[in-house]
Amino acid sequence: VWLAQRSDGAFQGSAAVKLLNLRGLGGAGLERFRQEGTALARLTHPGIARLFDAGVRESGQPYLILEYIDGVRIDEWCDEQRLTVAQRIALVLTTCDAVEHAHAHFVIHRDIKPSNILVTTGGTVKLLDFGVARLAQQDGADTDTTPLPFTPAYAAPEQLASKPESAATDVYALGVLLYSMLTGSLPARPP
């Protein structure tokens, strides 16, 4: 992901440009990148980084142009600001609202963790990185069961067992996020 500045003199602003590295990726990587763009195109919520544009460069390299978020990881921001328990819960609830919006549009994020949630200097929470998101069917079930990467510490049991995922997958990760933000550690996993 690259930071971009508009340079035509008409407007000023920054954006994040996500380029797909074509080396070493087959059709599955290209399809996952396409699915990320499709998922983001469905979402318009103040707590989710917006998709501005997408396309393919002349070289054949796909790209996404996203809202640039100048922020700090949610857990680090809470510690830096010395937030109370109630304030930390409020930030997680704001994140829950963004995730609920994604679920209402049949998008399962699949990788909710502190590094994918930034807080701006103004205190706005932004959910990022839909790179391993899945599109769900209208019944909420996962449309694809192909294994995708995930972050083990925040992964739901169904992810760890390579079973079909649903909105509950993200709800589990939100619970782990809240636990870690309140205690400073991750919850113990059952044996």
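**Strand β7, its sheet and the open spaces of the model**

In strand β8, K126 is the bridge partner of L118. The model is predicted, so local features need pLDDT of at least 70 and side-chain atom pairs count only at pLDDT 80 or more, while totals for chains, interfaces and linings use all residues. Residues are numbered from 1 along each chain as its sequence is written, and side-chain values use heavy atoms, with hydrogens and water left out.

The pair L118 and K126 belongs to a contact between β7 and β8, which run antiparallel and are joined by three bridges. Two strands count as paired if DSSP finds at least two bridges between them; strands themselves are DSSP runs of E with at least two residues, helices are runs of H or I with at least four, and both are numbered from the N terminus. β7 and β8 form a hairpin with four residues between them. In the turn, G123 has a positive phi of about 90°.

On the other partner strand, three bridges join β5 to β7 (residues 117-120), again antiparallel. V72 has V119 as its bridge partner in β7, and R73 stands opposite L118. The result is an open sheet of three strands in the order β5-β7-β8, with antiparallel pairing. β5 (71-73) and β8 (125-127) are the edge strands, each pairing on one side only. Neighbouring strands of this sheet are turned by 35° against each other on average, direction ignored. Helix α2 (residues 74-81) packs on the sheet and touches β5 and β7 (contact means heavy atoms within 4.5 Å). The direction of α2 makes about 100° with that of β5; axes are lines fitted to C-alpha atoms, for helices over the stretch in contact, and angles run from 0 to 180 degrees between N-to-C directions.

In a regular strand the side chains alternate between the two faces of the sheet. In β7, I117 and V119 point one way, L118 and T120 the other way, and all are buried. Buried means under 20% relative accessible area, exposed over 50% and partly exposed in between, with a 1.4 Å probe and protein chains only. Of the 191 residues in the protein, 40% are buried.

The protein as a whole has five helices and nine strands. Among contacts with a separation of 6 or more, 60% are between residues 24 or more positions apart.

Next come the empty spaces. On a 1 Å grid over the protein atoms alone, a cavity is a set of points where a 1.4 Å probe fits but cannot get out; a pocket is an open set with protein on both sides within 12 Å along at least five of seven lines, and lining residues have an atom within 4 Å of a point. Grid points are joined across faces, edges and corners, and a volume is the space filled by probe spheres set on the points.

The largest pocket holds about 260 Å³ of space. Its lining comprises 17 residues, with V1, A16, L66, L128 and D129 nearest the centre. β1 (2-5), β2 (14-19), α1 (27-41) and β4 (62-67) each supply at least two lining residues.

A search of the whole structure finds one cavity of 30 Å³ or more. The residues lining the largest cavity include R110, F150, Y154 and Q159.
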